[in-house]
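Me: I'd like to learn how to read a protein model, one feature at a time. Can you walk me through this one?

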Amino acid sequence: MNTPTPESQNLPAPGSVEYANLAQTGSAPPLPSEPGITLAPVEPDTSEEPMREPMGGPAPSADRPGVHPPAGFPWWPPRPVPLPGVDSGLGLKKFRDRLPQPTIIRAWRRPAGSPIRVRAELGRVQFHADIPPAEAWTYEGGLPGPTIEVQRDRAVRIDWENGLERGGKALNLPYDVVRVPALPPLPPGQPGVNANFRAAALPGGRAADKGPGEDSYPRLDHTAELTAATVVHLHGALTDGHNDGWAHNVSLPGGVTRCTYPNRQESTTLWYHDHAMAVTRFNVFAGLSGFYIIRDEQEARLRLPSGERELFLGIADRNLESEAGAPAGTIKFTGRALYKQAGFTGSTGIKGEIPVSAPFNMVNGKIWPTKDVDACWYRLRLLNGSSSRIHRFSIHDTTDEKFTPTKDIPSTDPAFGARRKTDALVVIGTDGGLLPAPFIPQDGIVDMGPGERVDVLVDFSKYRGRTLELRNENGTALNAQPGQADASVMQFRVDDRRVLDRFRLPGVLNGEYVRYRHTDDGKLIIGDRVIDHHAHAWVAVVPPGIGGSVHPEMWELRELAEGEDPGTAEVIRVTRADGKVLTFKPAAKLFDESLTIRFSEGDWAVWNILHLGGPAHPMHIHMTEFQMLNRWQWPLGPGGSVPGFNLATASTSNPLPVPGAGRPVSPMTAGMKDTWVIQPGEWVQVLGDFTGATGSFMYHCHILDHEDHTMMRPFTVLPKSIMAFHDVHGGGHH
């Protein structure tokens, strides 16, 4: 995937609308570091860990062994000894903590039909060795929750329990949500939104009622009163609607929701996370997510790296709360996370916030961890679990890397990629399963939006005795300073000894893969099958500013019949390659408006997503996996919108022209997927088979702040026999 980024485009000026759009996804070029601010490293936490109470509660539902502390041990399990670490400009040392791995529930070892209970509960976590432990919402006490392993075609039942209570009362969020208010413009006259953005990216801060200071901010309205109500979505699962995590179906503490997952899917990396209506961003940030792995015989025959050589990497950006009153040049973190947003106000006085995009990168609940690896092949299951940040992952050899103190190297600087290993990441799978063959991406960079998963192999034998880093090259800086996001994600220290490694990279990975095609005469070609009947769904993403709004919107579209009067407002006209003009009106904009997209079980459907301007959006469709058919591009005008789209009328005054060729559909983007980053100006077509499940489902932007505002809509899949009694069928069938 070759996503346009600031490196490959004309750089937007700080203060421009284009810059603000990029900031929404963590993709903006780094602003200069905050002048006059240096952070002294925090003192290591040497406080004695308090005695832990015995682990009580329900039976060991996540395969936790019944381990008891030996006599005389004040703390159990033993605290890992931190490593020396590497200085950073953000107040914490890098690579102090060893990479943890989630516990594993091997569901296939359970008796058939025996349910697994997974409990959302309050846990104690320590994000970094040098800060105190803090509370988080977890599944079974882990961050991430336990990895659930299942076998293909063997159904699993899971009882999801909401145990987020204390003394019979529902818990409040385990962190504070603060909003950086309007600030004076940055010199030389950049709008205040950029000052807000940099302030929000500064490490530390707190709610104003916890102490004074320039880094104390008001809480976001109503977040202090928010209590735990949860519903679990297994992202990427083919399962009926009542198991899918419908956002309204929240459970209060004490509630248990049983879901059945048929697992009639090829081997792949899924993940489960909270999906509660309007507060998904808060619940996931609190810690409610975990991996779900489907395995099958085809994968087993490949003999891919396994056991200790298969690593699950749940990656997200985080900020941390700091204490008030620290001496100048120092910072003392409390150990708690901090949900810190840049607030801004639209032209009509409507307030909004730029989604969370924080300075620290966290992997499996640890900031900048490190991992000792043998000099052989490893399998890395990558998950972008961030709220909004789009990552561009790559491997860099840092063995001999030296930095000038306080000197940052932005990701837009050619020196940034000097030590990138362009052939290190070998992609073997995406959201929905294995690729037909291994793929090494251009320039060694793997692009991932929130919610996407990528399965990669790394041959560490090529780097014996070397030190490597996994880095994010999107809107970050090496040796980042306050106000910037750091590029480092985690470190790998490769042993210098030779080891016996029998794994050989296969030329063929997935014999079941077939490429989808959509012909000019309206037929689908699926391998050697011809599908002459399918549905179309149309969705438009419109930029912020419609009616004075400050957030982008997602419109479900209805195609107008020939001769139907479109009116003068909210009209979208596009021109197909054959010259035909299609005219659309919004059929729905908000989640609770009328249902308009209906499919029969067994239908094939092409989804057309038209991005008319604003930030990039990682679009996720529930229920099935898809292939990308086409990706076309309209040029962008001032403000990052498609020329011809009028914000005042929310319309295209004239039909948009036939779009030109867009980013190529690479072997990676042609894989089976359920989430794609759609860039402004793109018209993207994806094709899915709505077979094997029925019910009500959702589609939405996976920037969680966008999903929780207006960018989520429902659709249904019903048996054909029932659809015969519906007066509307699908979204415009051929």
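Me: Let's start with one residue: is threonine 147 buried or exposed?

Reply: First, a word on the model: it is predicted, so local features need pLDDT of at least 70 and side-chain atom pairs count only at pLDDT 80 or more, while totals for chains, interfaces and linings use all residues. Residues are numbered from 1 along each chain as its sequence is written, and side-chain values use heavy atoms, with hydrogens and water left out. Now the term: buried means under 20% relative accessible area, exposed means over 50%, and partly exposed is in between (1.4 Å probe, protein chains only). Threonine 147 has a relative accessible area of 0%, so it is buried.

Me: Where does threonine 147 sit, and what does it touch?

Reply: Threonine 147 is in strand S4 (residues 147–151). Strands (E, at least two residues) and helices (H or I, at least four) are DSSP runs, numbered from the N terminus. A contact means heavy atoms within 4.5 Å. Leaving out residues up to four places away in sequence, threonine 147 touches Pro102, Thr103, Ile104, Ile105, Phe291, Ile293 and Phe312.

Me: Okay, and which residue shows me the exposed case?

Reply: Try glycine 325: its relative accessibility is 75%, so it counts as exposed. You'll find glycine 325 in the loop between strand S16 (320–322) and S17. Its C-alpha is 7.7 Å from that of proline 212, though the two are 113 residues apart in sequence.

Me: What about a loop residue that is buried, like glutamine 265?

Reply: Glutamine 265 is in the loop between strand S12 (256–261) and strand S13 (268–274), and its relative accessible area of 10% makes it buried. A polar atom of its side chain lies 2.8 Å from the backbone nitrogen of leucine 238. Among the other residues that glutamine 265 touches are Arg152, Ile294 and Glu625.

Me: How many residues of helix H2 are buried?

Reply: Ten of the ten residues of H2 (residues 192–201) are buried, so the helix is largely enclosed by the rest of the structure. The cover over these buried residues includes helix H1 (17–23), strand S8 (176–180) and strand S17 (333–345).

Me: What is a nonpolar core, and which residues touch the most other members of the largest one?

Reply: In soluble globular proteins, nonpolar side chains tend to be buried together. A nonpolar core is a set of buried Ala, Val, Leu, Ile, Met, Phe, Trp, Tyr and Cys residues joined through side-chain atoms within 4.5 Å. The largest one here has 59 residues, and Leu92, Phe127, Ile148, Trp160, Tyr175, Phe282 and Tyr292 touch the most other members. Strand S2 (residues 116–125) gives the most to this core, with four residues. There's also a second, separate core of 32 residues, including Cys376 and Met448.

Me: How many cavities of 30 Å³ or more are there?

Reply: On a 1 Å grid over the protein atoms alone, a cavity is a set of points where a 1.4 Å probe fits but cannot get out, and lining residues have an atom within 4 Å of a point. Grid points are joined across faces, edges and corners, and a volume is the space filled by probe spheres set on the points. A search of the whole structure finds six such cavities, and the largest holds about 180 Å³ of space.

Me: What lines the largest cavity?

Reply: There are 17 lining residues, with Pro144, Ser289, Gly314, Ala316 and Met362 nearest the centre. S15 gives the largest share of the lining, four residues.

Definitions and conventions: Polar contact = N/O pair within 3.5 Å; in protein donor to acceptor, adjacent residues only side chain to side chain. 1 Å grid on protein atoms, 1.4 Å probe; cavity = no way out; pocket = protein on both sides within 12 Å on 5 of 7 lines; lining within 4 Å.
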